[in-house]
Each structure stands twice: as C-alpha cells, then as structure tokens.
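Student: Could we go through this structure together? I would like to know how it should be read.

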Amino acid sequence: MSDTALPKAPPREMIWGFTGAQSVAFVLMLATLMVAPFVAYPVFLMQVMCFAIFAMGANLLMGYTGLLSLGQAAYFGMGAYVGGYAVQTLHLTPEAGVALGTLTGAAIGAVFGWLAIRRQTIYFAMITLALAQFVNFFAVQDTGFTGGENGMQNIPRGQVAGIISLHSDLHLYVFALVVFLIAFLFVHRVVHSPFGQVVKAIRENENRAISLGYKPAQYKWIVFTIAAGLAGLAGALNALVTHIVTLTDVGNATSGIVVLMVLVGGIGTIYGPLIGAAIIIAMQYYLASFSDWVTVIQGVIFIACVLLFRRGIIGELAAKLKFAL
Amino acid sequence: MTISRRTLIGSAATGAAMASLPMGRARAAGGKSIKIAVISDFSGPYRDDGGPTSVACVEQAVADFGATQKGYNVTVLKGDHQNKPDVGTALARQFYDQGVDLVIDVPNTAVAIAINGVAHDKNRAFIDSGAAGSSLTDKFCNAQSIHWTYDTYMLAQSTGGAMVKAGGKSWFFVTANYAFGHLLHDQTAAVVKSHGGTVVGNVNYPFPQTTDFSSFLIQAESSGAQVLGLANAGADTVNSIKQAHQFGLTKKMKIAGLLVFINDVHGMGLDIAQDLILTESFYWNLNDRTRAFTKRVLPRTPNNYPCMDQAGCYSGTLHFLKTVHAMNNMAAVKNGAELVAAMKKMPTDDDAFGKAYIREDGRFMCTAYLFKVKKPGESKIPWDYYTLLASTPANKAYMPMSEETACKLIKT
C-alpha cells in the first residue's frame, strides 16, 4: 500500500500540504458538498459526513500507522452518548456537545490505546475488540444514562452559540459541513506533517524508526488517541443529526462498518474514507427495503473489494493516474 | 501550480463519483394527494402481527373509504424498522420529509417512542397501532400522535387481573429487555400486588436477538411460582410458550401470555396454545361487523387473518381519511396538530372496533376482550380459535386521565 499513500517524490508546489491534484479534488469535493443538499436528502448527506469523519480517524490508524482496530465503535458510541447527554440533559449548545463528545472519545482512546499499543497485529486488534466490548456492556446495562435497549431518544439539535437554531436541516447541514471540513483539514495536516512522516516510517519499518531514535509507542499512542477523538466527534455529530443514540452506535457492527468504509474507499488515501462512507451509507439508505440482506450485500461488496481492487476505489484511481489522492 | 490534463480527469472522476450517488427527493404533490406510510416489522419477530397484513388493512381502509370516488389520490408506502429505533427514526424522518401525511402501525415501543418524537418535531400525524407501551399517551404524549388498539395498562388490567382472580397468586416474569417489556412487567406486577398476589422474581432477556429461552424458563421453574408471566410479544411469545411445553413447565405453572395475538396462536397451534388466557381488542369472529371486515380484507392477506394490531391500522387509516374529508382543507392536513385535534373531536365508527372515540391525551378508547384459546376439538372453521370470557369497557380498561398520568396535553 506504500506506493499509493506516498508520491514518489513530494512535489515542490504545494498549498498547505496539498499537491496540485489534491487541491483540485478538494475544490471539487467542496463544490459537490455545497450543491448536494439541494439535490439529495440532507439527512443522508450529513450521515455520510459523520461517518466520513469516523472513517478518516480509522484510516489514520489503519492506513497511515498500520494498526487495525476492531473497536472504534466504542469511541464513536460514547462520543455520541456524551454529546447527546450534554445537549439533552445539560442543555449545552451543540458545538459544546460535539466538543465534549470529541474529548470523551479521545479520553477513552487514550486509556484504551495505552493498553492496546503494547501488542501488535492480531493481538492489538483483539485487545481493541475486547475493550470495546466493555463499553458495549456498559451501554446495555446502564439504563439511566444510555437508555439501554431503548437508546437515548429525542436529542434536540439546539442552537449554535445560543443564537442560530439548527432545527432546519439546511442549518444543521452547514454546521456539519464546517465540522467535517475542520476534521478533514486536520487529518490532512496530520498526515503531511513531520509527525505524519514519522508515523508512516513506523508503519514501513518499525525497527528502522527505532534505530533512528524515534519511540514508536508514543507515536502510535498519539495516533490512536486522535483516531478515537475523531470517532467521538463523529458520534456526537451523528447524535445531533439523527436525534438518537442506540446500541447500534456502540456495537461491533459499527466497528466493522468503519473498517469496510476505509477498505472500499481506499486505505491510506485522503479521500478514500469519504467515498467509502458515501457508498456504505448510500447502501444502508437505499437498500433498506431489503432489510437483513443489506449485510449480505455489504459482505459481497467487501469480498469483491478485497479480491478485485485491493487498494479501494480512490487507491486504484490514484494508482491509475499515478498521483496521491 | 500547474494542472495537467491527467489531474483534471482524475479530479473530475472523483467529483462525478460523489455526485452520481443514487438520490432524489420526492416532492409533495399538490391537490388531493395523500401519502400514508406503514412503518412496521417486515422481517423480525413482529412480522406476523404487523408487517404485510398491516399494509393490507391500510389498503382495505383506503378502498372502503372510497378514496378514488371521492377524488383523492392515496399512496401507501411501507418501511421496515428492523426493531431498531435508529432505523425507525431515519425512516420516519425521510417519509415525513417526502411529504407523507400519516405514519401508521409501528410495533415495538422503543421504535414507537422514537418516531413519536419525530412526528412532534415535524408536526405530522402519527397513529401507533402495533406498540403496546402506555407511555405513548403518558410520559411521551404529544399533539401529533394517537395510540390506537391497545396498551400495556389495558393488558395488565385484563389478562393480569383475570389470572390473579383465578387463583394465580405468585408470579415469575420473563421480560423482553426494552421499553415495552419493562412497562408490561411493571404494570402487571402492580395489578398482581393490588389483588394480594406476590412477584417472586423477574428475568430480562436481550431483545430482539433471543430465540433460546431455556435458561430463563429454568429460572422460572426453580422459583416455585404458580404463574409464569411472559412480558413479551410476537415470535418471542411463541418461542417461549413452545419451549415451556417442551420442558414440561406447563404442568407445574400456569402461563400468562400478557400479549398474545391470534397470529401467535396460529403459529403455536391449538395443541400448545389451548386454554391460554389472553386479551385482544379485536377478534375477527366477534360479531357480524368484524366478520364482514375480515371477509373483505382476506383476499389481500389470504394466509394471515388480521389481529387487533392490523385491524387497528384499518380503523386508524379509515378515521384519518374520514377526518381529512370532513376538514376539506389540504393545507390543514399538513399541520399534524390541527389534523389530530380534528380526529379527536370526531367519534370513530368502523367494522373492526364499532363505535369508539379518541381521548384528549391521544388514547383510542375501545373495549378490551378477554379470550380463552379453544381446544383442538372445539375449533370448527379455519382460525376459529377464541372463546369470549369477559369484556372490559374502555373507561375501565385504560389508565384514567385524572391520576398518575404525566401527559402535558391535559395539565391545563
């Protein structure tokens, strides 16, 4: 995957870490997202953006650091519960709720990550899965806070800074778009920063990174925490969009979905998670009438993706066009 | 910065991939177009009690109302909530945004409470027929929602009360672990205690993923209670009663199926279901009018007779259409609160439930019937399953509005 993630030699003319191709793609993405709510169902688009943020975090871990986590839903779900609780019960503003959700995700991620990074490969994945099960168990049990099987229902969208009501879908869309863009630029910055270079070096050859004087454990821990924070952010935003947080949000299926999004979109690419999220959420929305078959169809797509285009949609596209996206 | 041809193509492809997602928002058509969405369980444990037969009943109501003759263009849509509140809210939100005037059915109290909130938020009408939770007209009541057919309070009063009076003094509950199960358990336990009985124990099982009830049934057996109270519904009830039979539990304990539909009895077979005491507010073979309704609707659902939930979808849709016609103002129909207020003012009358009315808090007031399931030899014709034991008038069956209730609509 290394040749898809990195251009052979970093081009000189870059705006804010963007290569020429990436900046054109960014402008196109921005234009699409601005026109989209007038063409498509805004709630659907907002969910795509929420899951894109979630997948960008997972991609930082999987694509750029080489760590496969199977428990990302724990941070997504807890971010959603805390964000929802802050807005519903504490009557905080939505931006405060989203910030609290992010902090919650990051805090839990910092603790869980500290434990998990001690092991590698499948052991790492199993530890993240086990820790996520704890969180899932908590969500099922605690009917007072999480609402158990009923979920946390009727979460209000509130007013930004106490002034602008997010009740209309269009207002919330703008809010979600701003949050998404901040997250996107943040991830882009992280990937292209010196920090990001070290992380990629660790992915390629951990021993060599150690020999150069870097401490991989610290870098992995920070990336894990960032990914969990992004998951919390996505969860809290999703709670505002859908008005509800349920066990689905903290369940194993959600952890699996986000991995699928990253793989379908293109692991280790900047635009992959967005495309992956758009495809998977579109399937959930437009194939909903097939109910249980949705998961079967998702499975088939996953197999097709792994067998036919291992680098994902954006990964294959970038490889064809010979530049990084 | 130089932009090569290749860069442009690549970026354009990315943009096209994002723009070409299958989407499109249906616009609300003008004139006398009415859209009704049946949100129900089409694949899970409540499929037979709601699902396709609910859709058939709604379509029957549209036909009986004479929509086309009266100049209405009624579209009936359907959505599967998969017993997940998040899926249900997303569906309801999407339907209302597409200009749907009424969402109906919604078995599963947790999903119903969630959609109840969406209806309020969007100010559109919502009739719940399938869910049992009495909190819909209590803690969660609002001006846009009507709770049709039945509720947990009425089931507890009717079935619970009858069982205790018949001598079942000590109870053990097996409860579906979500809003509905808890309400049904709490309210039945209250009835049991008020009649001098005792509750020995309770076990909550995960919903909807449980199909093996053996460990819960063994707990019930070892408790030594006289009555096994099943605070669940649909396929769960069928499974737990069948398994209780296999364990020989029925010889030691009486089973109180607190919510059993005729479709569940059909699923179990009379061998297993015989002598079960249950409550429904509609039975197809109750009187001439219910028989006439059933005869009309059966061609649409030949293998599944309507139960009270599905009959409620018929009754609710018919009353909704009558009200829309009486209001004669399509703009007011789009205002959920106004529409529902008009529905509450007008008394209801249909073949399924006879004459009834909707209370201020959104509670549909119909009679509750206590039935006993027939023995295999007593059943003469297909689906001839019930013997009527008693009937409770609406004002006794449902939670009184004056006390206990937390409904904001009636505080003033």
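Tutor: The following turns cover the reading conventions, the confidence, one helix, two backbone angles and one chain.

Student: What kind of model is this, and how are residues and chains labelled?

Tutor: This is a predicted model, in which local features need pLDDT of at least 70, side-chain atom pairs count only at pLDDT 80 or more, and totals for chains, interfaces and linings use all residues. Residues are numbered from 1 along each chain as its sequence is written, while chains are lettered from A and ligands numbered from 1 in the order in which they are written.

Student: What is the mean pLDDT of chain A?

Tutor: The mean is 86, and 93% of the residues of chain A reach 70 or more; pLDDT is the predictor's confidence in each residue, from 0 to 100.

Student: Where in chain A does pLDDT stay under 50?

Tutor: That applies over residues 1-6 of chain A, for which the model has 16 contacts beyond four places in sequence. Two residues are in contact if their C-beta atoms, placed from the backbone, lie within 7 Å. Where pLDDT is low, the predicted coordinates should not be read in detail.

Student: Turning to H10(A), is it largely enclosed or not?

Tutor: Of the 27 residues of H10(A), 22 are buried, so this helix is largely enclosed by the rest of the structure. A residue is buried if 20 or more other C-beta atoms lie within 10 Å of its own, exposed if 12 or fewer, and partly exposed in between, with C-beta atoms placed from the backbone. Helices (H or I, at least four residues) and strands (E, at least two) are DSSP runs, numbered from the N terminus.

Student: What follows H10(A)?

Tutor: His243(A) follows H10(A), and this residue has a positive phi of about 70° although it is not a glycine. Most residues other than glycine have a negative phi. His243(A) counts as buried, with 24 C-beta neighbours inside 10 Å.

Student: And Asn154(A): buried, exposed or partly exposed?

Tutor: Asn154(A) is partly exposed, having 17 other C-beta atoms within 10 Å. Its phi is also positive, at about 55°, and its place is in the loop between helix H6 (121-141) and strand E1 (159-160) of chain A.

Student: How many helices and strands are there in chain B?

Tutor: Chain B has 16 helices and 15 strands. Buried residues make up 56% of its 412 residues.
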